[in-house]
Amino acid sequence: MTMAKLIFLTLRKANSSLLAFLLFASPLGFAQGNAPADNQAAPQEVPNQVPQQAPQEIPQDARDATASEATRVLLARLAQAVANLEYRGLVTFEHVGSMETLEVVHGIRDGEQIERIRYLTGSPREKVTRSGDDQCRPSGSVFPRSGLLSAAGLQNVQSNYAFLIRGEERVADREAIVLEARPRDLHRFGMVISVDKETGLPLKSMLIAPAGRVLERFQFVELDLTPVTDDELKPQTPSTEPTTGAEAAKCANVESRWRLGWAPSGFKPVAVQALSDGQMLVFSDGLSAFTVFVQQLPEMNYKGRAVRGATVAYMDHIDVNGARYTVTVVGEIPDNTAQLVAKAVTEAN
């Protein structure tokens, strides 16, 4: 039995069939791509122009402060948009050399966010989530970052990524500002986000490997910002089971039996969920996330990793009071980081 199949069985036991699909629906490997280019044109010389005095150079610290404030405002608008806007649209999702099309509907009801994602290609599948589910949802979803930024805090995000405004582009017939997030260490991937000028909504997102490869890309091809009806938020696929606010509350109130002796800088615990055979812990730095499953799985006696696009799954074991537990780390983080996290799991005091 291959390691991919073993980890697939583990994830299925952890009730994360959507995540398992995202990891193993196509052959394992890295997606290929090119780093985004800065397409600003060179200024053209204007003939017969009256010579002007050269402008006084702005000190570097002032320029840095201005750029930092601009990115802070842009990130704040993004966090507010993903939490408060109603919209529907068609999205393309590219990873490991394949592209899928999805229908996305996001509504607000009594202060609660409801999101329905339906795959329009491949086997029929659909997911309906509510506020709080993003914290308990294992990473690997198409939109894991949309619900993370507002919860983690802008200061934490800016301390772990250097942000640069790369210019402007047009996405889904809308004007967008291109924002690059460069990680400050080797324990997370870079990101390029195209933020809608009018609303702050992320219209396109690319996850970038250190070598410049595009690991995954999602972008709207159609976007409608008119109010969403109740019927649009209901599942369209008969087998879909929507999650509930009660499940989210259960997730938030579980006390963790486990802790990490080490975690990459900025990654903080955001949720714990009880499983039938263990616990699931979710950690986020505001843009990236990883999930740690600690379970009693007697039949799992292997360790190793499986990588699909930007998502890695690493399996290891720990022994506590004579009992063996399987540790599985899943997330959009480098595989070496996932291995370090798995080896850092210990029982909480």
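**Figure 1. The six-stranded open sheet of the predicted model.** In this predicted model, 6 strands are arranged as an open sheet in the order β11-β12-β13-β16-β15-β14, and their pairing is antiparallel. The edges are formed by β11 (268-275) and β14 (304-308); each has a single partner strand, so one side of each is left without a neighbour in the sheet. From one strand to the next, the twist averages 20°. Strands of a sheet pair through backbone hydrogen bonds, in either a parallel or an antiparallel sense.

**Figure 2. The pairing of β12 with β13.** Strand β12 comprises residues 278-284 and strand β13 residues 289-295; the two pair in the antiparallel sense over 7 bridges. Within this pairing, G278 stands opposite Q295 in β13. Strand β13 also contributes F290 to an aromatic pair with F267, shown in Figure 5.

**Figure 3. Helix α8 across the six-stranded sheet.** Helix α8, formed by residues 335-343, lies across four strands, namely β13, β14, β15 (311-320) and β16 (323-331). The helix runs at about 20° to β15. In the strand order of the sheet, β13 is followed by β16, β15 and β14.

**Figure 4. The aromatic pair of Y161 and F163.** The structure holds 5 aromatic pairs. One of them joins Y161 and F163 in a tilted arrangement, with 6.3 Å centre to centre and 45° between the planes. Y161 is buried, with a relative accessible area of 0%, and F163 is buried with a value of 12%. Both values fall under the 20% relative accessible area that defines a buried residue.

**Figure 5. The aromatic cluster of F267, F283 and F290.** F267 and F290 form a tilted pair, 5.1 Å centre to centre with 45° between the planes. F267 lies in the loop between β10 (258-260) and β11, whereas F290 belongs to strand β13, so the pair ties together parts that are 23 residues apart in sequence. Both F267 and F290 are buried. Ring pairs link these two residues with F283 into a cluster. A pair of aromatic rings is described by the distance of the centres and the angle of the planes.

**Figure 6. The nine-stranded open sheet.** A further open sheet is formed by 9 strands in the order β4-β3-β2-β1-β9-β8-β7-β6-β5, with antiparallel pairing. Its edge strands are β4 (126-130) and β5 (161-171), each of which pairs on one side only. The twist averages 20° from one strand to the next. Strand β9 (residues 214-224) pairs with β8 in the antiparallel sense over 5 bridges, and V214 in β9 stands opposite I208.

**Figure 7. The surroundings of T199.** T199 is located in the loop between β7 (190-196) and β8 (202-208). With a relative accessible area of 17%, T199 is buried, because the limit for a buried residue is under 20%. The side chain of T199 is joined to that of D196 by a polar contact of 2.6 Å. A polar atom of the T199 side chain also lies 3.2 Å from the backbone nitrogen of L201. Residues up to four places away in sequence aside, T199 touches R77, A81, L85, R174 and L225.

**Figure 8. The polar contacts of D196.** D196 lies in strand β7 and counts as buried at 1% relative accessibility. In addition to the 2.6 Å polar contact with the side chain of T199, the side chain of D196 makes a polar contact of 2.9 Å with the side chain of R174. Leaving out residues up to four places away in sequence, D196 touches R77, R174, E175, A176, L201 and L203. R77 and R174 are also among the residues that T199 touches.

**Figure 9. The chain as context for the close-up views.** The secondary structure of the protein chain comes to 8 helices and 17 strands. Of the 349 residues, 49% are buried. Among contacts between residues at least 6 apart in sequence, 57% join residues at least 24 apart. The chain exposes about 17,200 Å², of which carbon and sulfur atoms supply 50%.

Technical notes. Residues numbered from 1 in each chain as written. Predicted model: local features only at pLDDT ≥ 70, side-chain atom pairs only at ≥ 80, totals over all residues. Heavy atoms only, no water. Pairing = 2+ DSSP bridges. Axes fitted to C-alpha atoms, helices over the stretch in contact; angles between N-to-C directions. Contact = heavy atoms within 4.5 Å. Buried < 20%, exposed > 50% of the residue type's maximum accessible area, 1.4 Å probe, protein only. Polar contact = N/O pair within 3.5 Å; in protein donor to acceptor, adjacent residues only side chain to side chain. Areas by Shrake-Rupley, 256 points an atom, 1.4 Å probe, with all protein chains shown as cover. Phe/Tyr/Trp six-rings, centres within 6.5 Å; stacked < 30°, edge-to-face > 60°.
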